[in-house]
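Student: Pick one part of this model and walk me through it slowly, please. I'd like to hear how its pieces are put together, residue by residue where you can.

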Amino acid sequence: MRIHGAALALLAALAAACTTTTDDGDVSTSESGLNEVSTPRKGNTINSPSVDPTKTYWGARSLTILSNIGALTPEEVTLAKRADGITANAPPNGRLGIDELVELEKRSGTLFPSERAMLPKLWSLLEMAPATVLGATASLTEMARQNSYSVTKTQLPISKLTGDAKTVAQRIELSANSDGDPDTIAGIDVFNANSDSGSYLPGEIARFREIMIAIAAGAAPIPADAQKITVGVAPDAKTVLLDTPEVSFWQQDGLTPPTSLRLDQQATLRYEPVVHVKVKDGATKLVLINTESGSDWQAESGEYTNAGGAYVEVWKNGSRIVVAMPKVASTKLDIPYGHAIQLSSSTLTQSFVSTMFMQWGGTESRPSIPSGSYRFTKDPKARFDLFANGRAILTDGDGAVHECIPQATNYVVSRCDVGSGNVWYYISFSGNLGLASASSVALGELYPN
Ligand SMILES: [Ca+2]
Ligand SMILES: [Ca+2]
């Protein structure tokens with residue numbers, strides 16, 4: 001059985017809760033080598049005529065708990081303490097273990113007949129009672145996938161530019177005016193002017209990249225949730241798993257989303273129902289046993305979350321009235337790179353660590369180019385759409401679509417791997433026309449679409 005971390009944390013908290021009576025603390029005694037945990041053992045591994053080899057037995061149980069819940073009469077407590085304390089299995093540790101009960105039984109010649117008559121009762125308490133499995137399941141389903149998004153060509157009003165850049169832009173529009181409006185300038189206009197660079201002064205050409213950056217900055221960003229997957233989850237509702245006059249178990253649905261999703265990893269949503277248990281009256285007592293760690297706790301009252309993973313005995317007036325094993329089944333859903341996740345009430349978008357360029361022990365920050373749509377200098381049919389979260393989609397000249405995920409390396413983070421090549425999309429310091437290099441993909445540099 002799987003015990004969830006949260007359940008373990010809860011059980012640990014439970015041990016310290018004010019309404020909780022813990023067992024005698026350490027279940028292992030390192031000095032003696034005794035390790036009397038509750039972890040179950042098969043009957044066929046126990047050398048006792050009282051044991052059913054087909055059944056399963058707790059390795060040990062806390063005498064304090066068994067006494068507190070009324071499972072043992074004072075006489076039975078005394079006999080159990082004798083099993084705990086006989087020198088054949090010393091030292092005593094407050095727990096009734098299988099091995100010491102075997103020893104006591106072997107030496108039953110030293111027991112009074114009334115004590116021998118109590119041995120079956122002690123064995124019965126170590127026997128693992130059949131549990132009602134309370135299945136807590138939840139679904140996590142992809143309901144819809146939005147893959148399409150649209151981009152527009154950016155025509156920057158030249159009025160946004162100042163000084164020499166504004167004059168250069170106005171000159172470019174005289175011969176390279178893609179939209180017919182002399183008051184706007186587009187990336188393709190600057191690209192065409194650069195192809196005709198013989199017509200410009202060196203000082204004017206030196207302004208081309210500045211104008212490109214201004215056009216990119218003025219472009220409409222592509223929202224991080226332009227592509228998203230709508231996920232259906234079980235409603236945030238209470239589902240009763242078991243309800244008796246004494247105790248109630250229920251499943252609380254609802255997804256606790258991660259606060260952030262890393263863009264360079266495939267996102268996996270996990271969903272685990274939470275099982276609660278609450279006793280309804282003061283006479284009812286709960287014992288929770290962790291079958292993996294072998295720890296046991298007694299809870300006299302209250303409501304406990306994350307009972308999933310624990311074996312729960314419900315006792316009343318010295319009788320075990322319910323034994324339940326909440327079995328929590330988690331479900332998961334893999335989300336492709338970069339897609340936003342639409343949950344019932346919120347949208348999660350994946351994020352990426354901000355650009356940091358580190359090389360040879362130094363640190364240099366290179367600003368990423370703004371979100372938007374770009375073209376490539378060597379293949380204007382290819383398009384590079386950069387989402388607001390740093391992810392990109394490269395559509396090559398043949399129309400093939402490549403997902404580009406920013407790669408975190410110690411060299412440069414704004415790098416988008418596409419098959420055998422990659423696009424580095426920080427703002428170039430190389431003095432070239434484009435804003436970014438597209439090394440290895442033979443597409444040249446980026447300019448605003
Ligand atoms: Ca013991
Ligand atoms: Ca224009």
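Tutor: Let's take a sheet and build it up one pairing at a time. First, some housekeeping: this is a predicted model, where local features need pLDDT of at least 70, side-chain atom pairs count only at pLDDT 80 or more, and totals for chains, interfaces and linings use all residues. Residues are numbered from 1 along each chain as its sequence is written, while chains are lettered from A and ligands numbered from 1 in the order in which they are written.

How confident is the model overall? The protein has a mean pLDDT (the predictor's confidence in each residue, from 0 to 100) of 78, with 72% of its residues at 70 or more. Keep an eye on residues 408–414, where pLDDT stays under 50, and on residues 1–33, where it also stays under 50.

Now for the sheet itself. It is open, has five strands (DSSP E runs of at least two residues, numbered from the N terminus) and pairs in the antiparallel sense. Reading across, the order is β32-β31-β30-β29-β35. The edges are β32 (401–404) and β35 (446–448), each of which pairs on one side only. From one strand to the next the twist averages 30° (axes are lines fitted to C-alpha atoms, with angles from 0 to 180 degrees between N-to-C directions).

Start with β29, residues 372–376, and β30, residues 379–386: these two run antiparallel and share five bridges (a pair needs at least two bridges found by DSSP). The link between β29 and β30 is a hairpin of two residues. If you want a place to look along this seam, try Arg375, whose bridge partner in β30 is Arg383.

Stay on Arg383 and look across to β31, where its bridge partner is Thr395. So what joins β30 to β31 (residues 392–395)? Four bridges do, again in the antiparallel sense. Along this second seam, Phe384 stands opposite Leu394 of β31. As you step along, remember that side chains in a regular strand alternate between the two faces of the sheet.

The turn from β30 into β31 deserves a stop too. This hairpin has five residues between the strands, and one of the residues in the turn, Gly390, has a positive phi of about 95°. Put together, β30 pairs with β29 through five bridges and with β31 through four, and a hairpin leads to β30 from β29 and another connects β30 with β31.

Notes
Two residues are in contact if their C-beta atoms, placed from the backbone, lie within 7 Å.
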